[in-house]
Amino acid sequence: MKVSVIAKNTTATPALKEMMEKKLSKIKKYFNFDVEAKVKFSVQKDKQRVEVTIPFNGIILRAEEETEDMYKSIDLVVNKLERRIRKQRTKLSKRSHESLRFPTYEDYNEKDDVVETNGKVVKTKKFVIKPMTIDEAVLQMELLGHNFFVYEDADANKVSVVYKRNDGDYGLLEPEYI
């Protein structure tokens with residue numbers, strides 16, 4: 001597994017890089033091909049944050065953790081990734097990866113525009129929406145670790161939003177045009 005590291009407000013020491021590579025080698029067994037993990041270390045006040053993004057076969061696996069210790073954050077983020085992989089492994093194995101049209105990492109390499117206003121919209125994100133079924137959208141949402149996901153319904157050709165409800169089920173927001 002190739003690991004590329006970015007550091008923000010901190011320095012990615014060789015020891016941190018080595019630790020991250022060693023820990024990520026634990027989840028290498030879940031991939032039958034070589035993948036690249038993008039790791040971002042950042043520090044804000046007393047919080048040490050680690051974000052890991054692994055794009056593979058058009059699917060994006062992402063997790064982040066924040067603690068007072070960078071090494072603890074590394075342990076927690078790798079454990080979270082492994083749990084997420086195991087949870088979704090059955091769903092992924094039932095589908096043919098080549099036939100899915102999930103967005104790639106480059107599609108989610110968002111273009112951020114920061115806008116100063118009077119406490120209203122402060123950030124705008126633009127991203128590519130790909131046609132997919134609701135099951136594929138739920139799978140992508142879970143792999144990203146988000147609580148909602150915007151996608152184009154492949155059957156209805158409408159933009160929809162799937163979201164995770166507090167009871168653990170999923171909800172769907174569909175537009176209704178007047």
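Select Glu-136, Ala-137, Val-138, Leu-139, Gln-140, Met-141, Glu-142, Leu-143 and Leu-144: these are the buried residues of helix 3 in this predicted model. Now widen the selection to residues 134-144, the whole of helix 3. Nine of its eleven residues are buried, so the helix is mostly covered; buried here means under 20% relative accessible area. Step on to Gly-145, which follows helix 3. Its phi is positive, near 80°.

**The sheet of strands 7 to 10**

Next, show strands 7, 8, 9 and 10. They form an open sheet in the order 7-8-9-10, and the pairing is mixed. Which strands stand at the edges? Strand 7 (131-132) and strand 10 (170-173) do, each pairing on one side only.

Start at the strand 7 edge. Select residues 148-153 to bring up strand 8. Strand 7 and strand 8 run in the parallel sense, with two bridges between them. Pick Pro-131 and look across: Glu-152 in strand 8 stands opposite.

Move to the other edge. Select residues 159-164 for strand 9. In what sense does strand 9 pair with strand 10? The sense is antiparallel, over four bridges. Pick Val-161, then find Leu-173 in strand 10, its bridge partner. Now follow the chain from strand 9 into strand 10. The two strands form a hairpin, with five residues between them. Stop at Gly-168 in the turn, where phi is positive at about 95°.

**The sheet of strands 1 to 4**

Go now to strands 1, 2, 3 and 4. This is an open sheet of four strands, ordered 1-2-3-4, again with mixed pairing. Colour strand 1 (2-8) and strand 4 (59-67), which stand at the edges. Each has a single partner strand, so one side of each is left without a neighbour in the sheet. Turn the view to follow the twist, which averages 15° from one strand to the next.

Select residues 36-44 for strand 2. How many bridges join strand 1 and strand 2? There are seven, and the pairing is parallel. For one facing pair, pick Val-5 and find Val-39 opposite in strand 2.

Last stop: residues 14-24, helix 1. Helix 1 packs on the sheet. Which strands does helix 1 touch? Show strand 1, strand 2 and strand 3 (47-56) to see the three contacts. Then compare directions: helix 1 makes about 135° with strand 2.

Methods
Residues numbered from 1 in each chain as written. Predicted model: local features only at pLDDT ≥ 70, side-chain atom pairs only at ≥ 80, totals over all residues. Heavy atoms only, no water. Buried < 20%, exposed > 50% of the residue type's maximum accessible area, 1.4 Å probe, protein only. Pairing = 2+ DSSP bridges. Axes fitted to C-alpha atoms, helices over the stretch in contact; angles between N-to-C directions. Contact = heavy atoms within 4.5 Å.
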